[in-house]
Amino acid sequence: MRTQTELRRQLREIDHKGYKAYKVLEGEYDFGTYRLAIDHVQGDPFATPSRVRIIYNNRGNIAPQYFESRHRKTAVEDYLLRRLHRNLKGGSGDNHRAISMDADGKGRTERHGGRAEDGRGYGNSDPADQGKGRNARVGQGSGKSGLVTACRTGQEILERTAMRITPDVIEARIEVGFPAYGRSIAAGELEKILFDFLPEVAEKTFSVKKALTGQMHRDLDAVAALADDQQYIRDALDGLGLVAFVADGSILPRESGVSQRPLKNAVVFQSPDSLAVMLKLPHRGDVRGMGIRRGITVIAGGGFHGKSTLLKALERGVYNHIAGDGRELVITDQSAFKLRAEEGRCIHETDISMFISNLPTRADTTRFSTENASGSTSQAANTVEALAADSRVLLIDEDTSATNFMVRDERMAQLVSDAKEPITPFIRKIRSLYRDLGVSTILVVGSSGDYLAVADTVLQMDCYVTRDVTARAKELCAEISVENSTGRTRLTNSLSNGSDQHAASLRETSVQRTAWLKKGVRAKQIEKARIHGWDTLSLDKTEIDLRYLEQIVDESQTAALAYLMQYILSRMANGKKTAAELAAEAARKIETEGILSVTPKNYGAGAAAAVRRQEILACLARYRML
């Protein structure tokens, strides 16, 4: 390890030389309370900024009790990353400029002078302002000169490569645009960053002693307590027979369709008494909320009354949320997966025969492949891929589903017989999925009343107030059953407790677990893995469209998927293992070794955040060169 004196000397030796001379700086340098690691130097001032680590001495600093468990560790690392963002924004010196990123993703430029802020990320009046993508620019120069950035954070708390804490060190990964005038090294400007700006930011961010008196300890206590309470609920779901919990007092509506900030003056969530569950949390004590039981739950209601708002909160309940978000105690089974139609996606040798068979083209739907899936075939593939990833809960919104995949009403069933219809609608499989495979479904419907006949619980959203209308739905189903018993058919269902003879439109068919994905994935060397926003990644010249994977909530997760794809295809695939097997293997590696274990040293697509097995498999399945 070299000294900071050597670094300063090297900077002065290469001043005004060609930009590539910066490469000699790669290595580690001792700055006393921390080590500075320059891992990768950018090729020119307009390229992706250089990769730098601050490795802060944590002995005698943040006590191990704050990160003794995985959920606490992730929460504390998230907190420190938000502190780092705020201190980068605070900056140092008269020339400091911060570029903030609003929740809607639009940048705004602010100028700051003076010293770095204390950087508390919790307890602020505006929780949405905690660490939303602050980028600092120190000094002057061309291209990305002087740009100092860290991984952007949102409302969710995710395990990230950008911050890591152990009893010995706190390691922060940042990006620094090494300054230049044209393509000539501006060593004096980099010296300001490395010797003035970063030391101040490091002390303000990581030193408990340098924080405001007692404030950092109070913040850490709050962070750890919330993480404990969230994990307690998550662990309790299965034992209580629940797939989700929504605490009373939660704020579910968001500020807008492009913002995850909580809506001001929103209707506060209150559980119906019939579904209320009381939990005694380790720190908050007694908390009441709605428990969504295993089975089939239908969410009904008029347009704009909050059906999709509740479902979206449940979608993101697979992740923990920061204090003040409003969804801190909205907790969903971590395997829950949001399904939808996805016209145009590719499908590789996937068994969708439980939903689609007897095609006029005589295509084999037990090994179905296409480069341009229809709405129904795409949703069928999405469903079996979720099952292959061991999802225990399926989340579906009628608005984003293929109608012919979801339901076929009684009249259409009479007009077009089953023998002439290749599609077996989801409604005929939904109860068997639960009974035979233990897979629950939470479904938003606004127009398809047939799903009332197969539901265990029916909720109605009424001006964002949740009502349990299961009894009324049961009455309606019983009335229909009586009316039809004297005519052509009889309806039977979970709610009406009728006979086992179903009407044609609701005739149930059984589901058996099988190897739904059949294609062996061949090994492939990927030279470049890149991302293009949160919804697209590319492997060499082939793009993968992720915009319909609605539980990817952070660009860093897209980066993680890019690295995982590169890792899986080059190191795990052998032509025999299926995408489902590879996704399971990759998920186990992340669980035991962390997301950093599959992240390349220069992390060219940006810092990574942990992803689930479900998204790994979904990404593999959408790779057209699989």
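**Notebook: strand pairings and one helix contact**

I looked up strand β14 (residues 242-247) and found that it pairs with β21 in the antiparallel sense over three bridges. The model I am reading is a predicted one.

Entry 1, the sheet around β14. I checked one residue pair in this pairing: Val 246 has Val 330 in β21 as its bridge partner. I then traced the sheet as a whole. It is open, has four strands in the order β17-β18-β14-β21, and its pairing is antiparallel. Which strands stand at the edges? I noted β17 (276-281) and β21 (330-332) there; each has a single partner strand, so one side of each is left without a neighbour in the sheet. I also recorded the turn between neighbouring strands of this sheet, which is 30 degrees on average, direction ignored.

Entry 2, the N-terminal strands. I turned to strand β1 (residues 2-3) and strand β2 (residues 27-30), which run parallel and are joined by two bridges. Here I noted Tyr 29 in β2 as the bridge partner of Arg 2. I followed the chain from β1 through helix α1 (residues 4-14) to β2 and recorded a right-handed β-α-β unit.

Next I looked at what follows β2. Strand β3 (residues 34-40) pairs with β2 in the antiparallel sense, over four bridges. Tyr 29 appears again in this pairing, standing opposite Leu 36 in β3. I entered Tyr 29 under both headings, as the partner of Arg 2 and as the residue opposite Leu 36. How many residues lie between β2 and β3 in their hairpin? I found three, and in the turn I noted Gly 32, with a positive phi of about 90 degrees.

Entry 3, helices α11 and α13. I looked up how helix α11 (residues 555-572) packs on helix α13 (residues 613-621): the angle is about 65 degrees and the axes are 10 Å apart. I therefore entered α11 as roughly perpendicular to α13, since angles of 65 to 115 degrees count as such. The crossing of α11 and α13 is right-handed.

I then listed the residues that meet. From α11 these are Leu 561, Leu 564, Met 565 and Ile 568; from α13 they are Glu 615, Ile 616, Cys 619 and Leu 620. By class, I recorded seven nonpolar residues, no polar ones and one charged residue in the contact of α11 with α13.

Note on methods. Residues numbered from 1 in each chain as written. Predicted model: local features only at pLDDT ≥ 70, side-chain atom pairs only at ≥ 80, totals over all residues. Heavy atoms only, no water. Axes fitted to C-alpha atoms, helices over the stretch in contact; angles between N-to-C directions. Parallel < 35°, antiparallel > 145°, perpendicular 65-115°, else oblique. Left-handed = near helix turned anticlockwise from the far one by under 90°. Contact = heavy atoms within 4.5 Å. Nonpolar A, V, L, I, M, F, W, Y, C, P; charged D, E, K, R; others polar. Pairing = 2+ DSSP bridges. Right-handed = clockwise from strand over helix to strand, strands pointing away.
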